[in-house]
Amino acid sequence: MTPAFPTPAWLVGCGNMAGAMVEGWRRAGADFSGVTVIRPSGTPVDGIRTVTTLPNETPRFVMLGFKPQKLDEVAPSLAAKCGPDTVVVSLLAGVEVSSLRARIPLVRAIVRVLPNLPVAIGAGVLPVHGDGDAVHEVVELLRPLGLVIATEEEDGLAAIGAIAGAGPAYVARFADALAEAGTANGVEGDALGIALQTLVGTAALMQATGENGRQLSKRVASPGGTTEAGLAVLEEDGALSGLVARTIEAAIRRGRELAQAAAIDRPERLA
Ligand SMILES: NC(=O)c1ccc[n+]([C@@H]2O[C@H](COP(=O)([O-])OP(=O)(O)OC[C@H]3O[C@@H](n4cnc5c(N)ncnc54)[C@H](OP(=O)(O)O)[C@@H]3O)[C@@H](O)[C@H]2O)c1
């Protein structure tokens, strides 16, 4: 189904992540005629009206695509423009609904989404959490961007986000490492291309068969063979699981720090 924005719709901030979502929506044939991008640089976004300050209208849909650190700078003027029909969709990692609600109080709903960059090609993961029936509407709008998962608990958002939001960075670095090891061991030419096709093929195969990694790796590794020798290193004393667990825990810890920094405990900070 073609994605339809409630209009007027504002995309406040359109960098890496909001820009990737725009690409995903564009691929899905979205109508951007009622959409405005607001960004300080005014850098044009292809096919969408782009301005540097908030327009003189009451938006029905506002997506927050700036960094969490900018929230206090942006929220007062934004809150003054929003109305009781406005649905606010926040991409801000670690900033809870209650913190957003305290700064943008009089809107119909606040919905958080923690997407990942593959939304640009409709292959993202998008955990969603927020209030009431607006969640359903936001889910419909996001559906062309990938796998949308509505979570009951706000903590569920951070847990999925820690794997899927940051995940492309970890998987991309694993691809680099695979390619570098290939080059170091005599692969000529496009080692990264080979590593990527290996990742894509493996993921697609696991999706098609429903196997988990242990099951699939058993099918690759024959007893006493080459893969088994490699796996013995990768899994020595839980090396891989331990490294990944520490990586995810560090991201979750940082998310909590950001949430705390944004939490409203000083009412004088409110506009
Ligand atoms: N990147 C990810 O993978 C990822 C994943 C999940 C969630 N997120 C969340 O997505 C949000 C954006 O991250 P990003 O990586 O896309 O950042 P980014 O590439 O740095 O983009 C930030 C955007 O915010 C705009 N901006 C800065 N100050 C502003 C202001 N005062 N008013 C309005 N817009 C302003 C910038 O405008 P200019 O373009 O004019 O400079 C830019 O378009 C963050 O809150 C992050 O937590 C990101």
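**Ligand environment and annotated domain in the predicted model**

Of the 20 residues around the ligand, those that come nearest are Asn16, Met17, Arg39, Ser41 and Phe66; a residue counts as near if one of its heavy atoms lies within 4 Å of the molecule. The model is predicted, with local features requiring pLDDT of at least 70 and side-chain atom pairs counted only at pLDDT 80 or more, whereas totals for chains, interfaces and linings use all residues. Residues are numbered from 1 along each chain as its sequence is written, and side-chain values use heavy atoms, with hydrogens and water left out.

Polar contacts are pairs of N or O atoms within 3.5 Å. A polar backbone atom of Asn16 lies 2.8 Å from an oxygen atom of the ligand, and a backbone N or O atom of Met17 is 2.8 Å from a ligand oxygen atom. For Arg39, an N or O atom of the side chain is 2.8 Å from an oxygen atom of the ligand. The protein covers 78% of the 910 Å² of accessible area that the ligand has on its own (Shrake-Rupley method, 1.4 Å probe).

The shell around the ligand comprises 11 nonpolar, 5 polar and 4 charged residues, with Gly counted as polar. Helix H1 (16-27) and helix H2 (71-81) each contribute at least two residues to this shell; helices are DSSP runs of H or I with at least four residues, and strands are runs of E with at least two.

The unreviewed UniProt entry annotates residues 154-258 as "domain: Pyrroline-5-carboxylate reductase dimerisation"; such annotations may be inferred rather than shown by experiment. Over residues 154-258, the chain is 81% helix and 0% strand, and the end C-alpha atoms are 15 Å apart.

How values were computed:
Polar contact = N/O pair within 3.5 Å; in protein donor to acceptor, adjacent residues only side chain to side chain.
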